[in-house]
Structures are given as structure tokens and as C-alpha cells.
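Student: I have a chain here that I would like to go through with you. Could we take it one part at a time?

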Amino acid sequence: MTRTKDAAFRAGTAAHRALLRLSRGRAFGRVAGMPVIVLSTTGRRTGRTRSTVLTAPVTDGGRLVLVASYGGDHRHPAWFLNVRANPDVTVTTGGRCTPMHARVATAAERADLWPRVVAAYPGYATYQARTPRTIPLVIVEPRHGG
């Protein structure tokens with residue numbers, strides 16, 4: 001079951017990423033009212049660039065909030081583990097790539113942001129109810145000086 005779910009997530013991400021690239025971000029640039037981004041990380045074991053398609057339920061200027069839900073799975077998504085190992089990431093939105101820095105929201109930040117996340121997409125509350133882990137929020141901001 002786990003391998004099937006992982007393969008389905010990878011296939012869905014690859015298809016969505018291809019559509020975004022071909023349309024230069026014009027097709028499928030929003031899902032459930034949320035902006036869609038491509039997050040590129042450095043693989044924690046391989047050192048290779050890894051990309052995944054995510055929604056950003058909360059955006060404040062240049063700051064994005066990402067949800068490491070993995071559909072309510074008991075495991076953290078690979079992109080989250082990569083971000084913890086190397087927080088320098090690239091975000092592509094609307095066909096534009098921006099170097100950014102990612103960090104896990106503190107407990108206080110999460111408490112403040114979680115209601116906004118669920119207001120943007122109530123499905124995140126369902127995902128949280130499916131898993132015993134606290135679903136982390138990741139704050140992504142433009143890199144300064146780099």
C-alpha cells in the first residue's frame with residue numbers, strides 16, 4: 001500500500017509539473033483557490049535536485065506557508081525531510097524561479113497559521129485527523145544576500 005501511494009504521488013507530481021512547465025504556469029496554477037508552486041530541494045541523501053508540486057495555502061507578500069501533510073500519511077513527505085537537511089530551496093511560480101530559504105514553523109507560529117491554512121483548504125484538517133503526527137508547516141521566504 002505504501003509503495004502504491006508513493007508511486008501515485010510521484011506520478012501526479014510529474015504530470016502536474018509537466019503541465020505547469022508547458023503552459024509556463026498558466027494552466028493549473030491554482031488548485032482549490034490556492035496558488036500552486038514547484039518546490040525544488042536538494043536531496044538529503046543524493047545531493048540531487050528534487051522537485052515537487054505543492055499548494056501554498058497562506059501567502060504574505062513574498063512569504064509562503066507550505067503544509068507537509070502528505071495526504072495525512074503517518075510519514076513526513078520527502079520534500080520536508082530534504083528542507084530540514086538543506087533549507088536553501090527554489091520556488092517556481094508563474095514560470096518564475098526564486099531562490100528562497102525554508103524553515104519549519106515554531107509551535108507558536110503553527111498555532112497562529114494553522115487556522116488560516118484550514119480556512120484556505122478544509123481538507124488539511126482531515127489530513128491532520130488521519131495521522132498521529134503533528135503536520136508541520138514550512139515557512140518559505142526570499143533568500144537575503146545570496
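Student: Where in α3 does the kink lie, and about how many degrees is it?

Tutor: This is a predicted model, and in it α3 has a kink of about 35 degrees at L113. The proline P115 comes shortly after that position.

Student: What is the span of helix α3, from its first C-alpha to its last?

Tutor: The helix covers residues 107-120, 14 residues in total, and reaches 20 Å from its first C-alpha to its last. That is close to the 20 Å expected at 1.5 Å a residue.

Student: Which residues of α3 are buried?

Tutor: R110, L113, W114 and V117 are buried. L113 is also the site of the kink.

Student: And what do the buried residues of α3 pack against?

Tutor: They pack against two strands earlier in the numbering, β4 (58-60) and β5 (63-67), and also against α4 (123-130) and β8 (137-142).

Student: Since β8 has come up, how does it pair with β7, parallel or antiparallel?

Tutor: The two strands are antiparallel, with 5 bridges between them. One of the bridge pairs is A102 with V140 in β8.

Student: What does β7 do with β6?

Tutor: Strand β6 (residues 88-93) runs antiparallel to β7 (residues 96-104), and 6 bridges join them. T92 has C97 of β7 as its bridge partner. Together β6 and β7 form a hairpin, with 2 residues between the strands.

Student: Which residue in that turn has a positive phi?

Tutor: That is G94, with a phi of about 60 degrees.

Student: Changing topic to N82: where does it sit, and is it buried or exposed?

Tutor: N82 lies in helix α2 (residues 78-85). It counts as buried because its relative accessible area is 5%, and the cut-off for buried is under 20%.

Student: Which side chain makes a polar contact with that of N82?

Tutor: The side chain of R44 does, at 2.8 Å. R44 is also among the residues in contact with N82 once neighbours within four places in sequence are set aside. The others in that list are T41, T42, G43 and R50.

Student: To finish, how many helices and strands are there in the chain, and in what order do they run?

Tutor: The chain has 4 helices and 8 strands. From the N terminus the order is α-β-β-β-β-β-α-β-β-α-α-β.

Student: How much of the chain is buried?

Tutor: Buried residues account for 40% of the 146 residues. The accessible surface comes to about 8,100 Å², and carbon and sulfur atoms contribute 55% of it.

Terms used
Residues numbered from 1 in each chain as written. Predicted model: local features only at pLDDT ≥ 70, side-chain atom pairs only at ≥ 80, totals over all residues. Heavy atoms only, no water. Buried < 20%, exposed > 50% of the residue type's maximum accessible area, 1.4 Å probe, protein only. Polar contact = N/O pair within 3.5 Å; in protein donor to acceptor, adjacent residues only side chain to side chain. Contact = heavy atoms within 4.5 Å. Areas by Shrake-Rupley, 256 points an atom, 1.4 Å probe, with all protein chains shown as cover. Expected span 1.5 Å × (residues − 1). Bend = angle between axes of the 7 residues up to and from the residue. Pairing = 2+ DSSP bridges.
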